[in-house]
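Here are my notes on the model, as numbered points. Please read them with the structure open.

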Amino acid sequence: MQGHGLNSGSHPGDWLSGRALASHARGHWFEPSIAHRTSDEHGRRSEQVTTTALDVVGGDRSTVVARINGELRDLSTPVAPDDVVEAVSVDSPEGLAVLRHSTAHVLAQAVQQMFPEARLGIGPPIKDGFYYDFDMPRPFTPEDLDALEKAMVAIIKSGQRFERRVVDEGDAVRELAGEPYKLRLIGSEGGADVMEVGGLELTVYDNVDAKTGERCWGDLCRGPHVPDTRYIVPNAFKLMRTAAAYWLGDQRNEQLQRVYGTAWPSKDDLRAHLAFLEEAEKRDHRRLGAELDLFSFPEQIGSGLAVFHPKGGVIRRVMEDYSRIKHEQGGYEFVNSPHITKGQLFEQSGHLDWYSDGMYPPMQLDAEIDADGTVRRQGVDYYLKPMNCPMHSLIFGARGRSYRELPLRLFEFGTVYRYEKSGVVQGLTRARGFTQDDAHIYCSREQMAAELDSLLTFTLNLLRDYGLDDFYLELSTRDPEKSVGTDEEWTEATEALRASAEVQGLDLVLDEGGAAFYGPKISVQAKDAIGRTWQMSTIQVDFQTPQRFDLEYQGPDGTRHRPVMIHRALFGSIERFFAVLLEHYAGAYPPWLAPVQVVAIPVTDAHNEYLDGVAGRLREHGVRVEVDTADDRMQKKIRTAQKSKVPYMLIAGDDDVAAGAVSFRYRDGTQKNGVLVEEAVTEIVDAIAKRTQV
RNA sequence: GCCGCCUUAGCUCAGUGGUAGAGCAACGCACUCGUAAUGCGUAGGUCCGGGGUUCAAGUCCCCGAGGCGGCUCCA
């Protein structure tokens, strides 16, 4: 009972502000019939009938809040005759967020029941659920989560009402004397973003026992909430994990203990969500990488540094080969640059000043120091390169350049090393050594728009060739605080990017102020087979590097001009793209990418020789084929091949040998028997050439 | 980097402070079989590394490495 809290509500951007929030709400124009305005100037309840939003749109428990004149409000909100009242369903994004937010309150109440010393942080709804932060005497354990879930169910079943109460700042401060973090929210800390009190008033949501009317708990919160805790379905929420999190997301602040939960309108929805998580886990590239023998991270090499095994190496090589061909056709020229460089290069580029924390520390060479510590000869620092752009810029500047050479497109599979902080390294998606499919395009200001336009088309087509086809684009614009260059340059580049994006007819999301210091950026976001979004390609305009490297070309008028530089990586990094494709396909690659495209399975070892011949025919066409001559039964070989996710199994027994045929078994278990060898070869070679999935 | 958890055979995992286990994979032998596991056998271990407590440590404590989940970060 001692816990009074403020809830700052949600982080902006996590919900409600997302694009294209389809509303399931129905609109109602309230017709005044029996209602009377009831509030007197002292706010006392009168005996008159109060008409609330619930009266207008409620009754159905799937309606959790109302939108009154466009604002989300509690169902208990009184409405006036000319108010426009819409029901907001728990199935809508807004309604679901309210359900999750209310569930977060129940969690916080349960935590303070079990741990009276716990102090409240913030507890917003997020994608798929909610979290709540607590200052705890000790971290939560998995057993705590079980116990908290049970306590939450008890709270839910007791049917506490969420009651909104407006408080003035003085009352709020008194009421929340025991909640230091909430007090800090009431003060200026965190700003309006976190306060979320509508900018006008502070409100507390009290949890009131349905039977006794006793106030059980409360939290300062903008709301709105579901009418009572029974709107939360006891078996449709689950506490997922605990983690530490910095107060207000700032590394300099205290670390609080965060509990993540998920909550849904129904048990089936929860079950579907858990099934999705299970599917995602099955596809996890770290798991599949080991299962399919594609790559590993030997501890002896170091964190975040992968080795690719033969099967992973094949996939990687095919990915690179295809990309090379496309880049060659796209007018790129291929360059190479070393992995290490003197630090001076990164001083010139500016990276050493800004990003040295993210670089491996230098190797000092050639220094001579006496026994007494006197430096006899100054050494030179060499660094592993964390990016390729300075090297490409040196190539551009290696000789005088003509406008006739532009756009000059320099491409390299450039391996870079970044000293990622230990806690962020994650499989192939966040490694310390990785290879970018990196290119830098040097062009004139006049060429920039057309170049960006064709580049974006090139990018999307390449991604489509690898099997990704559901995209949206994100445009990151200038942060005036952290950027260089003139307004004119930025506007021109940003508009060129925007225009090129619009040509594609894809959704374009604005990432205000998200650009790097040197220029605006477009990134391609791709959805994978189970609907997860990955940031793939990035295209950045850079005015800064050409200046730092004093890059020039001679124009048709004979004067020197500064080129514009476009950075672009389509895979981002090969390793990361490898991981995305692996998860996208769940290891069941289309034939052109599959490390082993065909496994030939003899019914008995008497048919080995025949299948060796078939395999030979396939190899003539460059097909990656293996004959399984192991001392196993045929069924076992099928199982083995199936588990390795090979696209084609070719089986042959006496019947096939007699007919000069083979029998197909596909990954989905279907079969096609008695196919003449030549037809089988054609089918397989054809699918590989066309890069189709089977 | 910060917080929490984890690390036992190639993989997935059991294992009360008292002599290290299983399944799969590998290898050998037998079996010769028509669309997801034939049988029998063999081998495989610095219990992540180092230090400590203890008569005794895979097990308890400390330090380090690596991993996982988050936070912060991601040129």
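1. Helix 17 and the sheet. Helix 17 (residues 608–620) lies across strand 31 (598–602), strand 32, strand 33 and strand 34. Its direction is at about 170° to that of strand 32. Keep in mind throughout that this is a predicted model.

2. Helix 20. Helix 20 (residues 677–690) also packs on the sheet. It touches strand 31, strand 33, strand 34 and strand 35. With the direction of strand 35 it makes about 120°.

3. Sheet order. The sheet is open and has five strands, in the order 32-31-33-34-35. Its pairing is mixed. Strand 32 (625–627) and strand 35 (671–676) each have a single partner strand, so they stand at the edges, with one side lacking a neighbour in the sheet. On average, neighbouring strands are turned by 25° against each other, direction ignored.

4. One strand pair in detail. Strand 33 (residues 648–652) pairs with strand 34 (residues 661–666) in the antiparallel sense. Four bridges join the two. Within strand 34, Ser663 stands opposite Ile651.

5. A salt bridge between the two helices. Which side chain meets Arg617 in a salt bridge? The partner is Glu678, at 2.6 Å from N to O. Arg617 belongs to helix 17 and Glu678 to helix 20, so the pair links parts of the chain 61 residues apart. Arg617 is partly exposed, at 22% relative accessibility. Glu678 is partly exposed too, at 44%.

6. A buried salt bridge. Glu583 forms a salt bridge with Arg532, the closest N and O atoms being 3.1 Å apart. Glu583 sits in helix 16 (residues 574–585). Arg532 is in the loop between strand 26 (521–527) and strand 27 (533–542). The two are 51 residues apart in the chain. Are these residues buried or exposed? Glu583 counts as buried, because its relative accessibility is 5%, under the 20% limit. Arg532, at 17%, counts as buried as well.

7. A salt bridge between sequence neighbours. Lys127 and Asp128 also form a salt bridge, with the closest N and O atoms 3.5 Å apart. Lys127 is exposed, with a relative accessible area of 69%. Asp128 is partly exposed, at 21%.

8. Salt bridges overall. The count comes to 46. Some are linked: Arg316, Arg317, Glu320, Asp321, Arg324 and Glu575 make up a network of salt bridges.

9. Nonpolar cores. The largest nonpolar core has 81 residues. Met319 and Tyr589 touch the most other members. Beyond its neighbours within four places in sequence, Tyr589 is in contact with residues including Leu294, Ile315, Phe578, Leu581 and Leu582. Pro647, Arg667 and Gln693 are also among them. Another core, of 49 residues, lies apart from the largest one. Its members include Ala66, Val88, Leu99 and Tyr231.

10. Cysteines. How many disulfides does the structure hold? Zero. Cys216 is in no disulfide, and the nearest cysteine sulfur is that of Cys221, 17 Å away. For Cys221, the closest cysteine sulfur is in Cys216, so at 17 Å the two are too far apart for a bond. Cys216 counts as buried, at 16% relative accessibility. Cys221 is buried too, with a relative accessible area of 0%.

How values were computed
Residues are numbered from 1 along each chain as its sequence is written. Chains are lettered from A and ligands numbered from 1 in the order in which they are written. This is a predicted model: local features need pLDDT of at least 70, side-chain atom pairs count only at pLDDT 80 or more; totals for chains, interfaces and linings use all residues. Side-chain values use heavy atoms; hydrogens and water are left out. A disulfide is a pair of cysteine sulfur atoms within 2.5 Å. Buried means under 20% relative accessible area, exposed over 50%, partly exposed in between (1.4 Å probe, protein chains only). Two strands pair if DSSP finds at least two bridges between them. Axes are lines fitted to C-alpha atoms, for helices over the stretch in contact, and angles run from 0 to 180 degrees between N-to-C directions. Contact means heavy atoms within 4.5 Å. A nonpolar core is a set of buried Ala, Val, Leu, Ile, Met, Phe, Trp, Tyr and Cys residues joined through side-chain atoms within 4.5 Å. A salt bridge is a side-chain nitrogen of Lys or Arg within 4 Å of a carboxyl oxygen of Asp or Glu.
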